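User: I would like a close look at a single part of this protein. Please pick one helix, go through its surroundings, and then work outward.

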Amino acid sequence: MKYRRYGSVSEKLLGFLRKPQPVAINNFLEIKKYGPSSCEDVQYPEGTIKDVFTSPKSLGVSSQKSGLFGNPFLASPQGVLQYWELCKVHSDALVSEIISTPPSLQTIYKFDDLSNTICYFADCINFLAENSPNHSMGGAASLASRHAAEYVESLNTNVDLYKSIKSVLDDTLVVETLNEEQLLVLELFVFDMEKSGISLPDDVRVAYVKDNALISDIGGRFVDLANQPSLVHASTLPAALNGLPKHGKFAAISGSGCEHPMDDIREFAWTNYHAYDDQKERLLVELLNARHTLASRIGFQSFAHRELQHTMAGTVDQVYRFLDGLHSEIQPFVDVEMKHLRHTKAEDLRYTSEYEIYPWCSRYYSTFLREKFLTGNHLQGNMYLDMLTIGNIMNGMNVFCEDVLGISLVPEMPMNGELWNGEVVKMSVYDESDGLIGYIYCDFFARRGKDPRTCLHTITCGTLTQLPVVVISCGLPPPSTATKFGYPKLNLDQLHTLFHEFGHALHAILGRTSFQHTSGTRGPTDFAEIPSSLFENFISHPAVYSRVLQPQLVYEDKSHTFGNTFMFNTPYQAVETQTMLTHSMLDLSLHSTPNIKSTVAISEDVHARYSNLKEHPGTAWHHRFTHLYFYGAKYYSYLWAKAAANLIFYNLFYDDPLNPRTGRNLKEFLKKGASVNYKRSVDELIGYEYDCNDMIGAIVEPIKLFNDFYLFKKDIPKDWW
C-alpha cells in the first residue's frame, strides 16, 4: 500500500488514524491474521461462545504485543502523549488542505476525515481515561483528552475553516452535483460549526462563546449536585434504614428507594432524596436561561428550536403534537392501570392506609404486577429463567443474529495489551456475504472501580473503508460469583438492557456509509435509538426468547411458541409510558420557555396536565433529573424511537420474528446508518408513509391489546370502579 505524506508524518505511522483502503483496516490490526473471510468459513465447536463467557480468560492472549484496541501507541503513557502529537500534526495538515482546497466534494471528504481523526482519538482516549486500571495511563489519557478538547475548541473558532466548508454549500454548481448523503453531511458540518457561533459578528461571537462556557460550567455543577446524596438527621431514620452511611449526626440517602418492599420506607427515601433544593433550583434556572440566551443569539426562538434542527422529529411543534396525541390516546389505559395499582397497594397494606399512587410506589407495584403476570399462567415467561446465564444468552444471541441478520459473532484471541481487563471478551463479527465487518469488545462484568451502568462506547465508526469497533459495558455479576446452584442469572430487565445495547452495537457494526459523520449511532438520538428499541421488542417476543435460550430446539410454529402472542414488554406499561411522556414534556417545556423564574411552577403545571401520579408537597423530582442537561429538549427521543421501532416490528416481525428475508431487509436499513432521510428510510422499510397518528398507535395498540384481554374489571371489586 502506498502512503501519502502530511508534512513530515507518514500515513503509515498514522495507520490507526487514517481511513484505510478496503480490505485492510490498518497495519496494526492485521485483520486477516486472526479470522476467516466469510461466515461460511467460520468454524468453532458448539458451545464455544457459552464457554468463553463462562470463563472469559479461557481464550488466552497471543504473544504479539500491542496497545488498547490493537493500537501500539496506547500501550504506555508516553505512547498516549506521542499519539496526541501525531494526531495534531495530521489534523493540522488536513485543516491546511481544507482551507487551500477550492469548493468541491473533496472539501467535504477532507472535513469528514478531520472529524474522523479527532473523534477516533477522543473516543479512544476518553475510554482509556475512564477504564484503564493503570493510574499513569489514566493520567496521560486525561491530559491528552484535555489537549484534544482545547484543539477542538480552536477548530470551532477557526473562521477560515468555517468559510471553506460554507463556501461549498454556497456554491450551487457544486451542490447540484452532490448526492443525498453528501449534501446531508455538508449541511450537518456547516450547522455544527454555526452552532458554535462561528458565523456571528466578532462581538456577538465573543458573547456566544462565553455563553457556551457558562452553560458547561453551570450544567456540570448542576449534575454534580444532583448526584450527591441527601443528608437527613440520623435520629429521623426509620429502623429499616439504620444501616445507611453516616456523616456525623447525618445519614446519606443515595437513591429514591423505589424497590424497597415497605411503603413507608419508599416514601421516606423518595421524599428526602427528591426534596426541593434552593441551590439546585438556582442552577437549573441559570442553565435554562443561559441556553435560551445562547439560542436567541443565532436567531432561534428557543433552545428547543435550535436542538431539534436535523433530528428525525424536525420541529418543536411536531414533538408537541406527538406527545399531546399520545397523552390523549393512552389516558383510558392509564386510568385502568391506576385502578389495578391502587387495588394492589390496598391489598399489600391490608387496607390500613390510603391507596393513592405516588411516584415512589408506581414503579414498585407496576413491576410487581408485571412479574406476577409473566410468571403466572398467562405467559410462561418463567419457562427459561434458570437458563438466563450470560453464557447461554450470548450463545443464543449469536444464533439469533445468524438466523435473522446473517451475521456471526466469533470470539477472538486478543493481542497482549489489547484489553484493559482480563474478563473482557473480544468478538469478531462476520457477515454471510462481506466477511469480517467489525469488532465488539464485551466488558460485561462488574469489578471494583468500574461504572456499573450499561452503555455502548463507539470507538470507530463503520464506513465503506473503515471497520467499526465498539465496546458494550455492563455491571453484571461475574462468573467467579458462581455458587453450588450454578452461574449467576440475569433477570428479565437485565436481559432487555443487554439486547438494547446490542441493538446499538449492531447499528454501529453494520453501518456502511461514505462518511463517518452519518454512520450508525452518529445520527440524532430520536433516530439512533430505533435499533435498540427494536431489539428490546425482539427479545420480548416469545419465539425469539425461546430461540435464544433453547437454540437446539426446533419449533414448528416460530411465532406462537408459548401458545399465545403476547409480548413480554406489554404488561402494565401505560403508567410507565405516561411517566416518560411527562418527563419529555417537562424537558421540552423548560427549553421552550424564555425568562424562567421558577422551574417548580412549570413542573407542577406539566404534572397536573399529563400525569396521574399524586405529587408530594415539598418535593421537586426534576432537581435530580440530570437528563435536562445531557439531553436538553431531546428526552422525547426515547418515545419517538420506540414508536418507530414498534412500527417496524409490528409490521414486519410480529407474526414471524425469525424470518430471514425481513431480517436481511432490516440489515440493509441498518447499513444506511443516518446517511439518508430518517423518516423516509423507515417508510421504505415498512412499505408505506407513516404519520404522527401511526406512531402514536404503534405505542398505544400493544397496551390496548393487553388491557382488552387481561385487565378485566371482574378482577377488582366493583367499588373500586
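What follows is a walk from one helix to its neighbours and then to a few other sites.

Analyst: This is a predicted model. The frame comes first. The protein has 721 residues, and 55% of them count as buried. Its secondary structure consists of 26 helices and 10 strands. Contacts often link distant parts of the sequence: of those with a separation of 6 or more, 73% join residues 24 or more positions apart.

The close look is at helix H25, which spans residues 678-686. Start at its N-terminal end. Asparagine 677 caps that end. A side-chain oxygen of asparagine 677 lies 3.2 Å from the backbone nitrogen of lysine 679.

Now move along the helix. Which residues of H25 are buried? They are Tyr678, Ser681, Val682, Asp683, Leu685 and Ile686. Asp683 and Ser681 therefore sit on the buried list beside Val682 and Leu685. Several helices supply the cover. Among them are H8 (180-194), H17 (525-528) and H18 (530-540). H23 (637-652) and H24 (660-671) also cover buried residues of H25. Just after H25 comes glycine 687, with a positive phi of about 95°.

One of the covering helices, H23, leads to another packing site. H23 meets helix H13, residues 316-348. Their axes come within 11 Å and cross at roughly 70°. That angle falls in the 65 to 115 degree range, so H13 is roughly perpendicular to H23. From H13, the contact uses Gln318, Phe322, Leu323 and Leu326. From H23, it uses Leu639, Trp640 and Ala643. By class, six of these residues are nonpolar, one is polar and none is charged.

Stay with H13 for a moment and step back in sequence. The loop between helix H12 (303-307) and H13 holds histidine 310. Its backbone deserves a check. Most residues other than glycine have a negative phi. Histidine 310 is not a glycine, yet its phi is positive, at about 60°. Is this residue buried or exposed, or in between? Histidine 310 is partly exposed, because its relative accessible area is 28%, between the 20% and 50% limits.

Tyrosine 572 invites a similar check. Its phi is positive too, at about 50°, and it is not a glycine. Tyrosine 572 sits in the loop between helix H19 (542-549) and helix H20 (574-590). Its relative accessibility is 9%, so tyrosine 572 counts as buried.

Another histidine belongs to a helix. Histidine 504 is part of H16, residues 492-510. With a relative accessible area of 8%, histidine 504 is buried. What does its side chain pair with? The partner in a polar contact is the side chain of glutamate 529, at 3.3 Å. Leaving aside residues up to four places away in sequence, histidine 504 touches Leu456, Thr521, Ala528, Glu529 and Ser532.

Last, the cysteines. A disulfide is a covalent bond between the sulfur atoms of two cysteines. The structure holds zero disulfides. Cysteine 87 is buried, at 1% relative accessible area. Cysteine 124 is buried as well, at 0% relative accessibility.

Terms used: Residues are numbered from 1 along each chain as its sequence is written. This is a predicted model: local features need pLDDT of at least 70, side-chain atom pairs count only at pLDDT 80 or more; totals for chains, interfaces and linings use all residues. Side-chain values use heavy atoms; hydrogens and water are left out. A disulfide is a pair of cysteine sulfur atoms within 2.5 Å. Buried means under 20% relative accessible area, exposed over 50%, partly exposed in between (1.4 Å probe, protein chains only). Helices (H or I, at least four residues) and strands (E, at least two) are DSSP runs, numbered from the N terminus. Contact means heavy atoms within 4.5 Å. A polar contact is a pair of N or O atoms within 3.5 Å; within protein, one must be able to donate a hydrogen and the other to accept it, and residues adjacent in sequence count only if both atoms are side-chain atoms. Axes are lines fitted to C-alpha atoms, for helices over the stretch in contact, and angles run from 0 to 180 degrees between N-to-C directions. Angles under 35 degrees count as roughly parallel, over 145 as roughly antiparallel, 65 to 115 as roughly perpendicular and the rest as oblique. Ala, Val, Leu, Ile, Met, Phe, Trp, Tyr, Cys and Pro count as nonpolar, Asp, Glu, Lys and Arg as charged, and the others, Gly among them, as polar.
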